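Colleague: I am new to this structure and would be grateful for a close look at a single part. Which side chains are joined by salt bridges into one network?

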Amino acid sequence: MGNVWWNLTLRFLLELAALLGLGMIGWSFAVGFSRWILAVALPLVAAVLWGTFAVLNDPSRSGRAPVPVPGALRLALELVILCGGAGGFYLTGHVAIGIVMALLIAFSYAFSVDRLAWLLRQ
């Protein structure tokens with residue numbers, strides 16, 4: 001992941017922002033009591049998927065993988081969750097935040113070429 005402190009920090013903040021963006025989608029695109037359910041369920045499901053499906057021996061996760069998956073599948077999961085969060089901001093009217101978040105995701109992955117190569121080899 002480009003294991004430098006600033007990229008790890010950026011990545012963590014992007015993960016938190018993605019959960020917020022997913023919650024905003026749930027809140028904005030539902031009505032009544034279902035908006036509460038979706039606002040909580042979407043980020044919760046994303047967090048469970050993020051923590052459950054991992055690549056075995058991933059150095060960024062201390063090597064543990066509750067459910068081992070191939071690296072390409074893990075990368076796809078990461079991109080869906082992160083870009084889904086950015087899309088959540090964009091679609092709920094926070095266009096600038098959504099665009100900045102998408103650019104920061106690309107920036108983080110650009111400095112993680114070694115991790116991307118490792119994931120795709122797994």
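Modeller: The following account describes the salt bridges and their surroundings. This is a predicted model, in which local features need pLDDT of at least 70, side-chain atom pairs count only at pLDDT 80 or more, and totals for chains, interfaces and linings use all residues. Residues are numbered from 1 along each chain as its sequence is written, and side-chain values use heavy atoms, with hydrogens and water left out.

A salt bridge here is a side-chain nitrogen of Lys or Arg within 4 Å of a carboxyl oxygen of Asp or Glu; by this rule there are 3 salt bridges. One of them pairs Glu15 with Arg11, whose closest N and O atoms are 3.4 Å apart. Both residues belong to helix 1 (residues 5-28), 4 residues apart, or about one turn of the helix; helices are DSSP runs (H or I, at least four residues), numbered from the N terminus. Glu15 is partly exposed, at 22% relative accessible area, while Arg11 is buried, at 2%. Buried means under 20% relative accessible area, exposed over 50%, and partly exposed in between (1.4 Å probe, protein chains only).

Arg11 also forms a salt bridge with Glu78, at 2.6 Å from N to O. This pair links distant parts of the chain, since Glu78 lies in helix 3 (residues 71-91) and Arg11 in helix 1, 67 residues apart.

Within helix 3, Glu78 and Arg74 are 4 residues apart, about one turn of the helix, and their side chains meet in a salt bridge of 3.0 Å, N to O. Glu78 is buried, at 1% relative accessibility, and Arg74 is likewise buried, at 2%. Through shared partners, the salt bridges join Arg11, Glu15, Arg74 and Glu78 into one network.

Conventions. Helices (H or I, at least four residues) and strands (E, at least two) are DSSP runs, numbered from the N terminus.
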